[in-house]
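Hi,

Here's the structure I promised to pass on. Have a look at it first, and then read my notes below.

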Amino acid sequence: MTREGSAQDYFRRVYEDVYPIAVRIAYRITSDIEVAEELCHEAFIKFLDKMDAIPDAQQAKYWIIRVVKNLSLNNQKRLGREAVANRRAYFEPSAVSSETGETSYLKREAQSHVQQALATLPDNLRVVLVMKEYGDLSYKEIGSVLGISETNVKVRAHRAREKLAEYLDGGDVYVP
Amino acid sequence: MSLEDMRSPEDTRLSAYLDDELSVSESQRLGDRLQQDAELQDRYARLRGVQEFLRSEGDPSFQEAMERTWHRLSLRNFEQQRPNWWSRPVAVPFSAVAAAFAILVLVGGLLIRFGGPTYFSAEPQQADRFGDTVELSAHARESEELLRRLSGWESRDEVTIQLPESRTFEFVGQPVIVPAGH
C-alpha cells in the first residue's frame, strides 16, 4: 500500500489501520491501558514528524509498531529501575519488602494471570508472542518489525510457548 | 539457533502449525502425522493449551482510547505541526554522496589540469602616449610569467611592483635585480 491523497488522509489511514494493533501490543507489554494509550500517542506524534520519509503505509505500520514496542519496553525498564531505587532509598539496609502478605496478594490479583505469565518471559520472546497472539501479525511481518528472519521469529514464538507451558505446569494457574 | 532448537525442529514446526504459518504441503504432512502419533498429539495439545490460556482473557476495549488519541492528535494543527520542507530531514543514500564527491574531485582535477592562469588581468593595452600608466595584476606565484610579459612589452618606462597588504604575505629570499631586456 503506497501513499495516495493528502498527507492528512494518509495519516488518518495509517492511524486507523495501525492504532488497534499498536495499543494491544503496548497494553500486553505494560499491563496498563492508560500507559499504553500514552505510548501510542507519543508514537503517532513521532510518526507525524517522520511521515514524509515513510511514504509506504506498510512500512509505516512496521515503523510505528517498532516504536511502540521500544517505548513500551523502555517504560517497563524505567519502572523497574525506579522500583529498585525506591527500595534502596526507603528500605535499606533491609532488602525485605515492607508489604504485608495481604497487600502483595491483592496487587498480584489486580494484575491478570495472563499478564503475570507474560511478564515472566524475556523481552525478546515476549515481544514475538505478543505480536503474534495480540497483534495478529504474521511471522514475516514480525520479522520486518524486529529486523530478524522468519525462521528466527518461528523459533522465538516456540520458545516463548515452551517457557509459558513450563510456567503454567509449575504454578497454581487456571488453564482452560 | 541453539542446540536445543536444532534437536526439536518438529516442535518448532508444531508451533508454526498452530499459528497457521506452514505451507499447504507441510501443514498437510504434519496434520497426517498428528492423526497417527499420540505423543505428537500431546506436545501439540501442550502448545495449544498455552495459546488458549493467552486468549482466555480478552482485550479491554480500546475504542475510547483510540478516539481520545485521535482527538489529541487533531488538536495539534496538522499542517503547522509538520515542519516546513526546508527544515525536514532528508535521507540521502551513501552512494549518492560518494558519487557527488567523485564528480567534485573529477571536475576540480580537470580545472587544475587544463585551466589557464586565473590570476592575470586582461592583457594590458599598450600605452598610447608618453606618461600613460598601465596596470597589470598577477598572483605572486606567477611573478616569472609577469616578468616574461613585461620583457615583451616595448616602451615601458617604469615598473612599480605593489606587494599585497596581507598578513599572510611573506618574503621568501632576497630581492633580485632583473636586468633590462630580460
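How closely do the axes of H8(A) and helix H4 (residues 38–54) of chain B approach, and at what angle do they cross? Before the answer, one caution: this is a predicted model, so please read everything below in that light.

The two axes come within 9 Å, and the crossing angle is roughly 80°. Since angles of 65 to 115 degrees count as roughly perpendicular, H8(A) is therefore roughly perpendicular to H4(B). If you want to find the spot on screen, pick out A:Arg161, A:Leu164, A:Ala165 and A:Leu168 on the H8(A) side. Their counterparts on H4(B) are B:Arg46, B:Leu47, B:Val50 and B:Phe53. Sorted by class, this helix pair brings together six nonpolar and two charged residues, with no polar ones.

Now the whole contact between the chains. Chain A puts in 32 residues and chain B puts in 34. On the chain A side, the elements that give two or more residues are helix H1 (7–30), helix H2 (33–50), helix H6 (123–133) and helix H8 (150–170). H8(A) is the top contributor there, with eight residues. As for chemistry, the chain A side that touches chain B splits into 20 nonpolar, seven charged and five polar residues.

What about each chain taken individually? Chain A has eight helices and zero strands, and along the sequence that reads α-α-α-α-α-α-α-α. Chain B also comes out with eight helices and zero strands, and its pattern along the sequence is α-α-α-α-α-α-α-α.

Burial is worth a look too. In chain A, 35% of the 176 residues count as buried. In chain B, the figure is 7% of 182 residues.

Then there's the question of how far apart in sequence the contacting residues are. Take the contacts in chain A between residues at least 6 apart: 69% of them join residues at least 24 apart. For chain B, among contacts with a separation of 6 or more, residues 24 or more positions apart account for 36%.

If you only have a minute, I'd go straight to H8(A), which gives the most residues to the side of chain A that touches chain B, and to its crossing with H4(B) at roughly 80°.

Cheers

Conventions:
Residues are numbered from 1 along each chain as its sequence is written. Chains are lettered from A and ligands numbered from 1 in the order in which they are written. This is a predicted model: local features need pLDDT of at least 70, side-chain atom pairs count only at pLDDT 80 or more; totals for chains, interfaces and linings use all residues. Two residues are in contact if their C-beta atoms, placed from the backbone, lie within 7 Å. Helices (H or I, at least four residues) and strands (E, at least two) are DSSP runs, numbered from the N terminus. Ala, Val, Leu, Ile, Met, Phe, Trp, Tyr, Cys and Pro count as nonpolar, Asp, Glu, Lys and Arg as charged, and the others, Gly among them, as polar. A residue is buried if 20 or more other C-beta atoms lie within 10 Å of its own, exposed if 12 or fewer, and partly exposed in between; C-beta atoms are placed from the backbone. Axes are lines fitted to C-alpha atoms, for helices over the stretch in contact, and angles run from 0 to 180 degrees between N-to-C directions. Angles under 35 degrees count as roughly parallel, over 145 as roughly antiparallel, 65 to 115 as roughly perpendicular and the rest as oblique.
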